[in-house]
Amino acid sequence: LFLSSGEISLADKMKEDGRGRRLAAGQEVRIVDIPADAGAGHGLFQNLHGFASADLFARHLRDAAFANYGVASRAYLSRIVPDVQEVRKLVSIFIKAFTEQYVPAGADGQVERVAQRFALIAAGGEVAANIGIVPWPAGTAVEGAGKCFDDWLAARGGIEPAEAREGIERVRAFLSANGMARFVPAWEESEQRNPTLYRDIAGYRRKVGDGWDFFIEPTAWKDEICSGMDARRLASTMREKGFIDSPPGPHVGKSVRVGDHGKKRLLHIPASFLADDENDEEAANAAA
């Protein structure tokens, strides 16, 4: 467990080398990014405790830490070490209660593991308050750690596995970038339906209201969109979420008659998939 003054996330840092490396799920669990903004208009702080600005309060904390570092930790350790086995049991019970309170039902194990790390911090703070090492009221450490966890979970964007979330984002990015250029409008009465006008065809599209349904070729799905990922698992996850339309059964793809091209087994992405993304962005902008 550590704190960093870095102003960008680990994922953004990894992208700086230009090699397209992505953050692994294990790294996301071990190195947890949380926003340094308490939401009270004072940056990191919720309460300035009488200081005129966050900067003055931060300087005071820095000076106090330099003058008194080690005092609280020595007192803390002297109290818990003689009863460390009992403290260990109590902390385990505490962590279980914290995760039950803050982890949403159905969340992936990655989310629960991060919650356990925040719970450990909260437990340390509550023990420190209970034995008089720090002056804050009982429950303060839980509240603070819980808010940080909630902020992390909101920034993460969901409770599913990191790989699934990244895969869904990758599909959206691919369709947004290539939907008009590499998908043949096979059902439209237009000269643009001619496949010779397209290079590296990834599938077909059909007009639905103001958007397009996309039908992706299995090879494009596996070799390009899901390169480096478990293509079958991502397809199953997207079907469970309603992002892929397919009949019940083992096959995520479905048999479709594609205009003059005959029947094909394709992955059907409804127009609502991209529309939902746009609605989410609009909602986020409105909230901001």
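These legends walk through several close-up views of one predicted model.

Before you dive in, note that residues are numbered from 1 along each chain as its sequence is written, and that side-chain values use heavy atoms, with hydrogens and water left out. Because the model is predicted, local features need pLDDT of at least 70 and side-chain atom pairs count only at pLDDT 80 or more, while totals for chains, interfaces and linings use all residues.

**View 1. Five strands line up in an open sheet.**
The order across the sheet is β1-β2-β3-β5-β4, and the pairing is mixed. Strands here are DSSP runs of E with at least two residues, helices are runs of H or I with at least four, and both are numbered from the N terminus. Two strands pair if DSSP finds at least two bridges between them. In general, strands of a sheet pair through backbone hydrogen bonds, either parallel or antiparallel. At the edges stand β1 (183-184) and β4 (254-257); each has a single partner strand, so one side of each is left without a neighbour in the sheet.

**View 2. Strand β2 meets β1 and β3.**
β1 and β2 pair in the parallel sense, over two bridges. Look for Phe-183, whose bridge partner in β2 is Gly-203. With β3, strand β2 (residues 203-208) runs antiparallel, and six bridges join the two. Here Gly-203 turns up again, standing opposite Ile-216 in β3. The hairpin of β2 and β3 has two residues between the strands, and Gly-209 takes a positive phi near 60° in this hairpin.

**View 3. Strand β3 is largely enclosed by the rest of the structure.**
Five of the six residues of β3 are buried, so that is how the strand ends up enclosed. Buried means under 20% relative accessible area, exposed means over 50%, and partly exposed is anything in between (1.4 Å probe, protein chains only). β3 also runs antiparallel to β5, with three bridges joining them. One spot to find is Ile-216, which stands opposite Leu-267 in β5.

**View 4. A salt bridge links distant parts of the chain.**
A salt bridge is a side-chain nitrogen of Lys or Arg within 4 Å of a carboxyl oxygen of Asp or Glu, and by this rule the count comes to eight. In this one, the side chains of Lys-264 and Glu-217 meet at 3.5 Å, N to O. Lys-264 belongs to strand β5 (residues 263-269), while Glu-217 sits in the loop between β3 (211-216) and α9 (218-225), 47 residues apart. Lys-264 is partly exposed at 24% relative accessibility, whereas Glu-217 is buried at 16%.

**View 5. Two further salt bridges, one of them in a helix.**
Lys-96 and Glu-100 join up through their side chains, with 2.5 Å from N to O. Both lie in helix α5 (residues 84-102), and because they are four residues apart there, about one helical turn separates them. Glu-100 is exposed, at 56% relative accessible area. In the other pair, Lys-254 bridges to Asp-245, with the closest N and O atoms 3.2 Å apart. Lys-254 is buried at 18%, and Asp-245 is partly exposed at 35%.

**View 6. Arg-79 in helix α4.**
Helix α4 covers residues 71-80. At 45% relative accessibility, Arg-79 counts as partly exposed. Arg-79 and Ala-128 are 49 residues apart along the chain, and 9.5 Å separates their C-alpha atoms.
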